[in-house]
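Student: I am new to this one. Could we go through it together?

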Amino acid sequence: SDSSSRGGVPPTVIEGNNVGVALDTFAMGGIIRSGNVLSGVLAKTSGVKIGGMGAGAGNSIGANVGSGIKIEGPAAQMIEVMGNMVGGIRDSSGQILPGGNGGDGVNVGGGAGNKIGGNVAAAANMIVNNAGNGVTVTGASATDNEVHGNLIGTTTATIPDDFPLGAATTGNGQDGIVVRDAPRPQIGRADTSYRNVVAHNAGNG
């Protein structure tokens with residue numbers, strides 16, 4: 001089943017967790033993949049905060065059969081997703097160990113006014129290695145969702161970087177960002193602090 005939270009009285013805060021992945025301290029920095037059968041984090045109510053900008057607030061979410069983070073249904077509004085590693089985990093030296101989810105990195109299906117990332121570095125989600133799209137926003141009720149300042153398919157804001165196109169170590173298996181039938185999305189802004197960096201994905205950016 002999905003690992004984390006269907007609701008509660010807002011705000012529900014989900015931060016600092018390893019969901020589906022953990023560091024194997026006995027294997028000198030190896031990765032343990034113990035993914036959940038569905039999504040890593042499922043939010044179906046309003047006001048949920050997944051991750052955050054403070055030290056240690058981000059979640060590492062990987063190796064789940066479904067999407068890393070799934071925001072589902074019209075009641076799932078005004079949710080913030082910030083500072084998470086979706087598709088891997090960072091070891092003690094800062095190296096990223098890949099542990100992609102089987103679906104999308106972040107999937108917003110029907111919820112309105114949700115924020116994925118932000119315009120400061122600490123708010124960025126790193127969304128890599130997932131078998132589906134990096135971010136999907138879909139549904140007629142999924143209005144006014146924002147996707148800002150994220151690293152999608154890449155671990156660095158500098159392009160070109162050290163990885164070839166579609167690199168297995170970073171790129172998502174389909175598209176970087178997909179918006180389908182969702183009114184008034186905002187994907188980045190003219191202000192470069194809101195810019196997403198989308199690279200190395202196997203499909204479209």
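Below, a student asks about confidence, sheets and a pocket, and a tutor replies.

Student: What is the mean pLDDT of the protein chain?

Tutor: Good place to begin, since this is a predicted model. Of the chain's residues, 87% reach a pLDDT of 70 or more. Averaged over the protein chain, the value is 88.

Student: Over which residues does pLDDT stay under 50?

Tutor: There is a stretch for which the model has 9 contacts beyond four places in sequence. Its pLDDT stays under 50, and it covers residues 163-168.

Student: Which strands are the edge strands of the sheet formed by 5 strands?

Tutor: Let's walk across that open sheet: the order is β5-β8-β13-β16-β19, with parallel pairing. An edge strand pairs on one side only. Here the edge strands are β5 (41-43) and β19.

Student: By how many degrees are neighbouring strands of this sheet turned against each other on average?

Tutor: We are still with the order β5-β8-β13-β16-β19. With direction ignored, the average turn between neighbouring strands is 5°.

Student: Which residue in β16 is the bridge partner of Val-106?

Tutor: Start from β13, residues 106-109, and its parallel partner β16, residues 135-138. The two strands are joined by 4 bridges. On the other side, β8 (residues 69-72) also runs parallel to β13, again with 4 bridges, and there Ile-69 stands opposite Val-106. In β16, the bridge partner of Val-106 is Val-135.

Student: And which residue in β16 does Asn-107 stand opposite?

Tutor: We can follow one row from strand to strand. Lys-70 stands opposite Asn-107 in β13. Carrying on into β16, the residue opposite Asn-107 is Thr-136.

Student: Which residue in β19 stands opposite Val-137?

Tutor: The step from β16 to β19 (residues 177-180) has 4 bridges, and the strands run parallel. Opposite Val-137 in β19 is Val-179.

Student: Where are the edges of the sheet formed by 6 strands?

Tutor: This open sheet has the order β1-β6-β9-β14-β17-β20, and its pairing is parallel. Each edge strand pairs on one side only. Those edges are β1 (13-14) and β20 (186-187).

Student: Which residue in β14 does Glu-80 stand opposite?

Tutor: Look inside that order, where β9 is followed by β14. Strand β9 (residues 80-82) and strand β14 (residues 115-117) run parallel and are joined by 2 bridges. Opposite Glu-80 in β14 is Lys-115.

Student: How many charged residues are in the lining of the largest pocket?

Tutor: First, some background on that pocket: about 420 Å³ of space lies in it. It is lined by 25 residues, and the closest to its centre are Arg-90, Ala-121, Ala-124, Asn-125 and Met-126. By class, the lining has 10 nonpolar and 13 polar residues, and the number of charged residues is 2.

Note on methods. Residues numbered from 1 in each chain as written. Predicted model: local features only at pLDDT ≥ 70, side-chain atom pairs only at ≥ 80, totals over all residues. Heavy atoms only, no water. Pairing = 2+ DSSP bridges. pLDDT = per-residue confidence, 0-100. Contact = heavy atoms within 4.5 Å. Axes fitted to C-alpha atoms, helices over the stretch in contact; angles between N-to-C directions. 1 Å grid on protein atoms, 1.4 Å probe; cavity = no way out; pocket = protein on both sides within 12 Å on 5 of 7 lines; lining within 4 Å. Points joined across faces, edges and corners; volume = space filled by probe spheres on them. Nonpolar A, V, L, I, M, F, W, Y, C, P; charged D, E, K, R; others polar.
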